[in-house]
Amino acid sequence: MRLRNAVRAARTALRGQKTAGGAFRVGRRGLDVDLPDGPRAHVELVYPAPADARGEPALLFSEPLRQAMHTHMRVPLAALPARATTDGLRGAPVADGRFPVLLFMHGFGSFALQNRRQLEDLARH
């Protein structure tokens with residue numbers, strides 16, 4: 001019963017969750033990069049987008065991530081909403097202007113999504 005209540009609370013918290021402030025919307029794009037030693041790496045670009053930008057809302061959990069968290073971390077799929085979105089807009093244009101570039105590495109044993117809120121807040125301001 002406690003797990004069910006926790007899942008409901010998480011879904012309620014994620015529904016319509018937005019961060020106030022900032023002059024920009026948030027754009028997101030995925031990019032696969034060939035590394036010098038052979039493998040490919042997925043890089044997620046998070047950037048300031050114009051205030052009137054349009055794009056497809058970025059998913060909070062991709063299906064492969066949902067499945068990996070369920071399989072390896074034993075997180076119930078019900079706790080990982082398939083259609084929850086972030087504040088980011090896939091394919092939104094980049095805002096005009098000059099902005100600093102931040103490189104973020106989530107570290108071994110974790111995943112970039114856990115820091116999504118901080119990265120989107122930085123891009124928004």
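**Salt bridges, a surface patch and the largest pocket**

Asp-121 is partly exposed, its relative accessible area being 22%, and in this predicted model Asp-121 takes part in a salt bridge with Arg-124, in which the closest N and O atoms are 3.4 Å apart. The two residues are three positions apart in helix 3, so about one helical turn separates Arg-124 from Asp-121. Arg-124, in contrast to its partner, is buried, because its relative accessible area of 6% falls under the 20% that marks the limit for burial.

A similar arrangement is found in helix 2, which spans residues 63–73 and holds both Glu-63 and Arg-66, again three residues apart and about one turn of the helix from each other. Glu-63 and Arg-66 form a salt bridge with a distance of 2.9 Å between the closest N and O atoms. Glu-63 counts as partly exposed at 39% relative accessibility, whereas Arg-66, at 9%, counts as buried.

Another salt bridge joins the side chains of Arg-117 and Asp-87, with an N to O distance of 3.1 Å. Because Arg-117 belongs to helix 3 and Asp-87 to strand 4, this pair ties together parts of the chain that are 30 residues apart in sequence. Asp-87 is buried, with a relative accessible area of 8%. In total, nine salt bridges are counted in the model, and a network of salt bridges links Arg-28, Glu-44, Arg-90, Arg-116 and Glu-120.

Two members of that network, Arg-28 and Glu-44, also appear at the largest pocket, where they are listed with Leu-45, Val-46 and Leu-119 as the residues that lie nearest its centre, out of 35 residues in the lining. The volume of the largest pocket is about 1,200 Å³. Its lining receives at least two residues from each of strand 2 (40–49), strand 3 (56–59), strand 4 (85–90) and helix 3 (116–124), and strand 2 provides the largest share, with seven residues. By residue class, the lining of the largest pocket comprises 25 nonpolar, six polar and four charged residues.

On the surface, a nonpolar patch is formed by Leu-31, Val-43 and Leu-45, which together have about 210 Å² of accessible area. Leu-45 is thus named both in this patch and among the residues nearest the centre of the largest pocket. Val-43 is placed in strand 2 and counts as partly exposed, at 33% relative accessibility.

How values were computed:
Residues are numbered from 1 along each chain as its sequence is written. This is a predicted model: local features need pLDDT of at least 70, side-chain atom pairs count only at pLDDT 80 or more; totals for chains, interfaces and linings use all residues. Side-chain values use heavy atoms; hydrogens and water are left out. On a 1 Å grid over the protein atoms alone, a cavity is a set of points where a 1.4 Å probe fits but cannot get out, and a pocket is an open set with protein on both sides within 12 Å along at least five of seven lines; lining residues have an atom within 4 Å of a point. Grid points are joined across faces, edges and corners, and a volume is the space filled by probe spheres set on the points. Helices (H or I, at least four residues) and strands (E, at least two) are DSSP runs, numbered from the N terminus. Ala, Val, Leu, Ile, Met, Phe, Trp, Tyr, Cys and Pro count as nonpolar, Asp, Glu, Lys and Arg as charged, and the others, Gly among them, as polar. Patches are made of residues with over 30% relative accessible area and no salt bridge: like charges are joined within 9 Å, nonpolar side chains (Val, Leu, Ile, Met, Phe, Trp, Tyr) within 5 Å. Accessible areas come from the Shrake-Rupley method with a 1.4 Å probe; for residues, only the protein chains shown count as cover. A salt bridge is a side-chain nitrogen of Lys or Arg within 4 Å of a carboxyl oxygen of Asp or Glu. Buried means under 20% relative accessible area, exposed over 50%, partly exposed in between (1.4 Å probe, protein chains only).
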